[in-house]
Structure formats: structure tokens, C-alpha cells
Amino acid sequence: MRLLFCGTRGSTPAPGRAHLRYGGHTSCIAIGRGAGPPALLLDGGTGLAQLDEHLAGEPFAGSILLSHLHWDHTHGLPFFGSGAAPGHRVEVFIPEQGDDAEAVLARAFSPPHFPIEPQQLGNGWRFRMLPEGERDIEGYSVLALEIPHKGGRTFGFRVSDETTSLAYLPDHHPLALGPGPIGIGELHPNALALARDVDLLIHDAQYLVEELPELAPMGHSCGEYAVSLAEAAGAREVCLYHHAPRRTDDALDELAGRFTESAVPTRMAFDGLVLTLADADRAGVTSAGH
Ligand SMILES: [Zn+2]
Ligand SMILES: [Zn+2]
């Protein structure tokens with residue numbers, strides 16, 4: 001499995017000189033096989049438009065799994081040029097809520113809030129409700145389970161191919177379920193099931209651990225929780241993701257420094273990061289990117 005991190009911020013885009021190295025686009029990760037074009041996208045934040053350059057004019061054919069419908073996970077959808085190129089096919093899955101996914105999205109994408117409606121994104125766009133559970137999507141096994149966040153149904157995903165797997169929990173508020181074993185959030189069954197023995201856990205690290213008492217009610221978690229979940233679930237590596245929009249490059253470097261000796265190897269997500277997952281008998285996770 002090959003991952004391209006197109007957007008790694010949470011909440012709102014973060015342009016500016018202090019954010020050049022980690023980037024300022026919001027959540028989107030593209031998944032492909034080897035050198036082939038990506039066919040499975042996790043979230044459609046502003047990072048989604050970064051995929052146009054990667055696809056070099058070719059139409060996108062695949063599925064977008066939306067973890068939930070907050071702006072930072074959907075605002076890239078209308079600006080995805082490859083999703084409008086001739087020959088495109090774009091299946092959008094949203095966490096099940098009612099029976100009309102397009103109508104739910106149209107509450108945010110329609111005049112007067114936005115000039116067009118979802119159906120105007122292109123003839124090849126389809127919108128579907130995704131129930132919890134495991135199913136095949138674009139040749140990957142996808143497990144979707146509800147996780148606590150704030151303000152709207154939110155899923156975490158586990159994506160597996162024949163040899164590798166990842167878990168994706170970009171927005172996660174485990175303190176909502178209790179303090180857990182070390183006081184920073186419950187290691188609850190759905191989080192453990194998603195992260196069980198994965199090669200890579202991509203997890204919300206929007207807050208610093210010392211910010212939790214004040215900020216956790218806003219719906220996110222800290223890197224220390226991500227590592228504790230990885231350790232409990234047997235995940236092989238952690239990627240800290242969904243960075244706070246005001247966290248500067250230097251502050252993110254400082255955050256990275258807190259995890260150099262962590263119980264599970266931990267890396268920072270940044271816009272443009274490319275990771276290749278290899279099966280457990282081989283090299284593990286290898287990286288490239290600027
Ligand atoms: Zn978010
Ligand atoms: Zn959110």
C-alpha cells in the first residue's frame with residue numbers, strides 16, 4: 001500500500017511562512033498500489049486538490065471515504081480537478097445517517113452557502129451512506145467503526161490489502177468515554193479493533209497533552225494517546241496527524257521531539273509525505289517526500 005499525504009491539518013487550512021515545511025492543507029490521504037494511481041481516498045479536505053498534480057490530468061476513478069462531514073474533511077471536494085476530468089468516477093461514502101447521502105452533503109454544498117450542489121460536481125459522482133462494518137471498496141478491505149468526536153457521526157477506518165494494513169482516526173475524542181488507563185482517554189473497543197496489529201496507525205494529535213484539560217471538550221486527542229492506543233493494539237508504527245492549524249513548523253518539530261523514544265515508533269505527518277507499507281516480514285514503513 002502506498003500513501004500520499006495530501007493534507008495533514010485539522011480544523012481549518014493553515015497557510016503562511018511559519019507552516020511551509022509541514023504544510024497547511026486539511027485532511028486527505030490518497031491510497032494506491034505500487035506506482036499505480038490512487039483509487040481510495042481518506043477524507044476530502046483542502047488537500048484533495050493537491051492530488052491533481054499527482055494525477056497529471058488523468059481522471060480520478062475511485063472512492064472517497066469521509067470520516068465525517070466537518071468542513072476540514074469536505075472542502076476539497078468541489079476543487080478536485082481530476083474528479084471533474086472526462087472519464088472520472090467518484091464514489092463518496094459518508095457515515096450512515098438517514099438514507100440520502102447527497103441531501104446530507106447538500107446542506108453544506110448548495111446556495112447560498114456554496115454556488116453549486118453535490119450533483120453538479122460531475123456526472124460520474126455518486127453519494128452513498130456507509131454503515132459500520134467491513135466491506136470491499138476498490139479492492140481493499142475497509143472496516144468502518146464509529147468513534148467519539150464532537151458534532152456529527154464520525155468513523156475511524158481500517159484499510160487492508162493482501163499484506164498490509166493501516167488505521168485512520170483523524171478526529172478522535174476518547175476522553176468522552178472516560179480517562180482510560182493513563183488519564184488521557186479510554187482505550188475503547190472500536191479504537192482497539194481498528195488499530196489491532198496494523199502496520200501504521202494514523203491518529204489525531206491536534207492537542208498537546210498539557211492542553212487536554214482545556215481543549216479536549218472540542219473533540220480531539222494528543223499524541224501520547226495515539227502511542228498508548230498503538231501499544232495496546234499492537235500497531236507497529238504511529239503517524240501523528242490532524243495538526244492544530246496554529247501549530248508552527250518549529251512547534252511541530254518540538255512535538256516530534258517528544259516522541260523520539262516512544263514505546264512505538266512515531267513519525268509526524270506533513271503535506272507531501274509518501275509512505276509505503278510493506279508486510280511485517282519485510283521493511284515495514286518506508287518514506288519519501290519533501
Ligand atoms: Zn477534522
Ligand atoms: Zn471533526
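Reader: Of the contacts in this protein with a separation of 6 or more, what share comes from residues 24 or more positions apart?

Author: That share is 65%. Two residues are in contact here if their C-beta atoms, placed from the backbone, lie within 7 Å. Before we go on, this is a predicted model, where local features need pLDDT of at least 70 and side-chain atom pairs count only at pLDDT 80 or more, while totals for chains, interfaces and linings use all residues. Residues are numbered from 1 along each chain as its sequence is written, and chains are lettered from A and ligands numbered from 1 in the order in which they are written.

Reader: Fine. What does the radius of gyration say about the overall fold?

Author: You take the radius over C-alpha atoms and hold it against a globule rule, 2.2 Å times the number of residues to the power 0.38. For 290 residues a compact globule would come out near 19 Å, and the protein has 18 Å, so the two agree. Its C-alpha atoms fill a box of roughly 50 × 40 × 40 Å along the principal axes.

Reader: And how many helices and strands are there?

Author: Six helices and 15 strands. Both are DSSP runs numbered from the N terminus: helices are H or I with at least four residues, strands are E with at least two.

Reader: What is the strand order in the open sheet?

Author: Strands pair through backbone hydrogen bonds, either parallel or antiparallel. To call two strands paired, DSSP has to find at least two bridges between them. Here seven strands make an open sheet in the order β7-β8-β9-β10-β11-β12-β13, with mixed pairing. β7 and β13 stand at the edges with a single partner strand each, so one side of each has no neighbour in the sheet. On average, neighbouring strands of this sheet are turned by 20° against each other, direction ignored; the axes behind that are lines fitted to C-alpha atoms, for helices over the stretch in contact, and angles run from 0 to 180 degrees between N-to-C directions.

Reader: Let's take the β7 edge. Is β7 largely in the open or covered, and why?

Author: Count its buried residues. Buried means 20 or more other C-beta atoms within 10 Å of the residue's own, exposed means 12 or fewer, and partly exposed is in between, with C-beta atoms placed from the backbone. Strand β7 (residues 133-137) has five residues and zero of them are buried, so it lies largely in the open. It pairs with β8 (residues 140-146) in the antiparallel sense over five bridges, and Ile137 stands opposite Tyr140 in β8. The two strands form a hairpin with two residues between them, and Glu138 in that turn has a positive phi of about 55°.

Reader: What joins β9 to β10 further along?

Author: Four bridges, with the strands running antiparallel. One to click on: Val159 has Leu166 in β10 as its bridge partner. The loop between β9 (155-160) and β10 (165-169) holds Thr164, which counts as buried because 20 other C-beta atoms lie within 10 Å. Beyond its neighbours within four places in sequence, Thr164 is in contact with Met1, Asp199, Leu277, Ala278 and Asp279. Its C-alpha atom is also 7.4 Å from that of Val198, 34 residues apart along the chain.

Reader: Which residues touch the most other members of the largest nonpolar core?

Author: Nonpolar side chains tend to be buried together in soluble globular proteins. A core here is a set of buried Ala, Val, Leu, Ile, Met, Phe, Trp, Tyr and Cys residues joined through C-beta atoms within 7 Å. The largest has 79 residues, and Ile29, Ala167 and Leu201 touch the most other members. Contacts of Ile29 outside its neighbours within four places in sequence include Leu3, Phe5 and Leu41. Across the whole protein, 50% of the residues count as buried.

Reader: How many residues of helix α5 are buried?

Author: Eight of eleven, so to speak a mostly covered helix, spanning residues 223-233. Those buried residues pack against α3 (189-195), β11 (200-204), β12 (238-241), α6 (249-257) and β13 (266-268). Gly234 follows α5 with a positive phi near 80°.

Reader: Where do the other backbone oddities sit?

Author: His242, not a glycine, has a positive phi of about 60°. It sits in the loop between β12 and α6, and it counts as buried because it has 29 C-beta neighbours inside 10 Å. Ser11 also has a positive phi, near 75°, in the loop between β1 (2-7) and β2 (28-32). Finally, the peptide bond from Pro111 to Pro112 is cis, with omega near 10°, and Pro112 lies in the loop between α2 (101-106) and β6 (125-130).
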